[in-house]
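Welcome to this tour, and please have your viewer open with residue selection at hand. We will go from stop to stop, selecting a few residues each time and looking at what surrounds them.

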Amino acid sequence: MDKSAEATRLEEARVQGLPWRKWGPYLSERQWGTVREDYSEWGDAWNFFTHDQARSRAYRWGEDGIAGISDDKQRLCFALALWNGKDPILKERLFGLTNSEGNHGEDVKEYYFYLDSTPTHSYMKYLYKYPQAAYPYADLVETNRRRSRDEMEYELLDTGVFNENRYFDVFVEYAKDGPEDMLVRITAVNRGPDAAELHLLPTLWFRNDWSAWIAASNRAAEKPILKQIEAAAGTSAVAVTHPLLGEYIFSCEGDVPLLFTENETNHEMLFPGQKQKNESLHVKDGINNCVVQGNQGSVNPGKQGTKVAAHYHIIAGTGQTKSIRLRLSSSSPERKGKPFGKQFDDVFTDRLRETDEFYKSITPPSLGEDSAKVMRQALGGMLLSKQFFFFDGDNWLDEHHSNPLHTGYRNSRNSEWYHMLNQDIISMPDKWEYPWYAAWDLAFHTLPLAIVDPDFAKQQMELMLRAAYLHPNGQMPAYEWNFSDVNPPVHAFATLFLHRTEQALRGETDLDFLKLTFNKLLLNFTWWVNRKDRFGKNVFEGGFLGLDNIGVFDRSSPLPTGGHLEQADGTAWMALFSQNMLELALEITLHDPTYEPMIMKFAEHFYYIGSAMNKHGQDGMWDEEDGFYYDLLRLPDGSSQRLKVRSMVGLLPLCATTVTEKSMRERIPQTIAMVQERLRRIPELKETIHPTGVGHYGVAERGIMALVNPDRLRRILTKMLDENEFLSPYGIRSLSKFHEQHPFVLNVGGHEYRVDYLPAESNTGMFGGNSNWRGPVWMPVNALIIRALLNFYLYYGDNFKIECPTGSGKLKNLFEVSKEISDRLTRIFLRDDHGRRPVYGGTKKFQQDPHWRDYISFYEYFHGDNGAGLGASHQTGWTGLIASMMRLFSSTTAERALELGKMAAFIETAAIARGAKAKVAATAT
């Protein structure tokens, strides 16, 4: 069967090792203000390296830019800079507010969109909307700073800078004519009523790894160079020479001025009075100073350096389109003489057609046109959210005098992570707001990534388990602000998902992948048991666990009451972790029987956790009166109190649910007998969990492992599906709307602590104040709830139905309930009957303007009542899960789910791809 062109490239990368992914969208969108670049004594990352300094100050650990690309070690970078003739500086990078400047924390104040990408980045498309008036930097900072947490954010549209459509749409497209041949097309469209000028400065530069201030262990032995060379008529060209990367030619269409400088810090301007002098006459801000200030001496007349920009100055009439073409290719004779021409445009035509074919091959035919576009933008956005992440823990801590391997060190941020050496391409949550990996985010990223690139998804899963990431004690790094924080343990769940995806798609089991991840996850599981179960009672802590401000207290800090929390979510996560590890052990045992004892090990863990969590009376997390799970506050005097906040914390126990097929149990009869014997001898272990084992099998004799029994399941779902509690028109809320009229209030030592239902932004500074788990809808936990309901459905079939919504009189089985939740989540992004997309709330420009309304931003979380996007605006990362949900429920029916069991979704979606490939082959024939 013939493959699509993109599928062939993926196969060539996997089997032959062709470097199709070597070049990609690997630049950050904000390197300034990151922990890695923070060398302050006080750990104030936002203010140590600012946006204003970034044009003049060389970065230490990475690079940023607009619509940029780099190689996979970020040695050579390319991005677009712009100037409208009015801004005080070149637009070289996206602007946004720091955490202290924004009334809801840090926030990018630009409009840009990830429009398209293939997995190998053979085609990519990005849109940036650039105002023709001076960008209102000061207005944004000052106005937002004056606003309280109870007020709306002041956005770029609010400043009036886009009035009368006085802006340029700037499209940046890439197409590969080979793994080392990148074609670039930049198209600017004047949307305004009058002619306007625009300076386009496509810029090529090397990441600085040669300066004397870089530690010897990471300093290059030889400085790379960019140098103008002779080129064919109508072309300007630069020779690129790097000791490790090799040689390339950067070709620019037209006889265009090339401005050269060095990617080195302007010490004398930034830090006057200090002894350190500039390393070169021409420094990082040289191109900015030449174009904006007219200082011709700030660029190198010798036409060489480590940073170069081609300077295109255009005047575009109203509605007029202007394009420029560029090419970066490995140095070869046939490329030097003819970088442009018809062949150039043909490559773009071919790659776009192949991209269309690729997405058609993975999109269910039953999806409508608008839904298919949303799914494609979600997946394209995920692919464009990759970033090179560089962090040498030993080196960084040395430079901060905080390395515990050295005498006289001072303890500081991440001191215990000196073993780390991260230098990889990683899927980021949001390349501006969160330009650093987060462990549990990354696990969720792999689910939609597996739709388009299963190999990259698996590589991302392995990454956090490598010795250069995973702590020797087994802890997984959380994120750079504090690697020692604790994220929910969802990597085993994601590993199972990737395994089943590959089984369905390729009909094979990657046993090496399963064993590698299982063995490393075993270390992580042991760390959890030894570090987060304070008294060995099988109840777990963990702190904030990714849910930021969901608790009445900051759960990662000492409690104002004293004592400690036994966390319903932490304990539920560990029950799910146990189930996932059991399933992984079972899958491996089918090929290697030496893993069979691990099945028993993790079955025992699950039963011990279930018994502890579901304990009767005041010592348990289950509240019989309320029919809900709560965190349990253990006070220093030995007493306990449930913190009765109806939140996602109490819904997560639902998620510790999995079913076992009869055929799988029959493969391990001895282990099944051992489990049954253990439950016979210690019957307390099964008293409060869902009935299981002989006499309690479900549809098709499926077994079940679930924390919640049928009665508790029904009681929890009654609240969860109540539109006056958790069920929003746009998914499951993170906090019950019950608390809108009934806030949870606790007085401690004369201080009031309270939790109100807040469907939009947070009103507290807890965890920076830029996220809110007190009402909005969050995609990852909704996805886990859907998974749990589907597992329950495989067990019950139509034997369990419940009102959905509560009080509606409409009885639904749990497949129908899960689809209802998915449909509500999908509704966030789709046009409604009035042509509005809920994700854009009341912003008229996005709802009505044809040049805005179909460009989708996949926000961090969503308003609990109206579905408007909130938080980070480009967190396609886990919000990209919407693509997985759309694909699942467009390809799988309840009947097929019962017939095929857990593999139903994977088999049905794989069949879509196989069917599309068959059509491609037939068309070719």
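Before the first stop, one definition: a residue counts as exposed when its relative accessible area is over 50%, and as buried when that value is under 20%. Keep in mind that this is a predicted model.

**Stop 1: a helix with two faces**

Select residues 669-681, which make up helix H19. This helix has 13 residues and spans 18 Å from its first C-alpha to its last, close to the 18 Å expected at 1.5 Å a residue. Now colour Thr-671, Val-675 and Leu-679, which are buried in H19. Why do they sit on the same side of H19? Because they cover an arc of only 75 degrees around the axis. The general background is that an α-helix has 3.6 residues a turn, so residues three or four places apart point the same way. Rotate to the face turned away from the buried side, and you find the exposed residues Pro-669, Gln-670, Arg-680 and Arg-681. What do the buried residues of H19 pack against? Show helix H16 (596-613), since that is their packing partner.

**Stop 2: Thr-446 and Ser-427**

Go next to helix H11, residues 439-452, and pick out Thr-446. Is Thr-446 buried or exposed? Its relative accessible area is 0%, so Thr-446 counts as buried. A polar atom of its side chain lies 2.6 Å from the backbone oxygen of Ala-443. Beyond the neighbours within four places in sequence, Thr-446 has contacts with Ala-457, Gln-460, Met-461, Ala-494 and Leu-498.

Keep Gln-460 on display and add Ser-427, because Gln-460 is also among the contacts of Ser-427 once neighbours within four places in sequence are left aside. Ser-427 belongs to strand E20 (residues 421-427) and is buried, at 2% relative accessible area. Its side chain makes a polar contact of 2.8 Å with the side chain of His-445. Other contacts of Ser-427 include Ser-385, Lys-386, Leu-442 and Leu-449.

**Stop 3: the nonpolar cores**

In general, nonpolar side chains in soluble globular proteins tend to be buried together. The largest nonpolar core here has 196 residues, and the members that touch the most others are Leu-717, Met-720 and Phe-829. Centre the view on Phe-829 and show what surrounds this ring: leaving aside neighbours within four places in sequence, its contacts include Val-374, Met-779, Val-839, Ile-856, Phe-858, Phe-862 and Ile-882. Arg-837, Ser-857 and Thr-879 are in contact with Phe-829 too. Apart from the largest core lies another one of 66 residues, among them Phe-260, Cys-290, Ala-310 and Leu-384.

**Stop 4: aromatic rings**

How many aromatic pairs are there? The count comes to 65. Select Trp-622 and Tyr-629, whose pair is edge-to-face, with 4.9 Å centre to centre and 65 degrees between the planes. Both ends are buried: Trp-622 has 4% relative accessibility, and Tyr-629 has 0%. Now set beside them Trp-773 and Trp-778, whose ring centres are 4.1 Å apart and whose planes are at 10 degrees, so this pair is stacked. Trp-773 and Trp-778 are buried as well. Finally, display the cluster linked by ring pairs: Trp-61, Phe-388, Phe-389, Phe-390, Phe-391, Trp-396, Trp-417, Tyr-437, Tyr-469 and Phe-483.

**Stop 5: backbone geometry**

As a general rule, most residues other than glycine have a negative phi, and most peptide bonds are trans. Look at the peptide bond from Cys-804 to Pro-805, which is cis, with omega near -5 degrees. Pro-805 lies in the loop between strand E32 (801-803) and strand E33 (811-813).

Then compare two non-glycine residues with positive phi. Ala-67 has a phi of about 55 degrees and sits in strand E2 (residues 66-71), where Ala-67 is buried at 6% relative accessible area. Glu-164 has a phi of about 60 degrees and lies in the loop between helix H4 (137-146) and strand E8 (167-178). At 56% relative accessible area, Glu-164 is exposed.

**Last stop: Gly-842**

Select Gly-842, in the loop between helix H23 (814-827) and helix H24 (844-848). With 71% relative accessibility, Gly-842 counts as exposed. Add Asn-866 and draw a C-alpha to C-alpha distance: Gly-842 and Asn-866 are 24 residues apart in sequence and 9.7 Å apart in space.

Key:
Residues numbered from 1 in each chain as written. Predicted model: local features only at pLDDT ≥ 70, side-chain atom pairs only at ≥ 80, totals over all residues. Heavy atoms only, no water. Helix = DSSP H or I, 4+ residues; strand = E, 2+ residues; numbered from the N terminus. Expected span 1.5 Å × (residues − 1). Buried < 20%, exposed > 50% of the residue type's maximum accessible area, 1.4 Å probe, protein only. Arc of directions from axis to C-beta. Contact = heavy atoms within 4.5 Å. Polar contact = N/O pair within 3.5 Å; in protein donor to acceptor, adjacent residues only side chain to side chain. Core = buried A, V, L, I, M, F, W, Y, C linked by side-chain atoms within 4.5 Å. Phe/Tyr/Trp six-rings, centres within 6.5 Å; stacked < 30°, edge-to-face > 60°.
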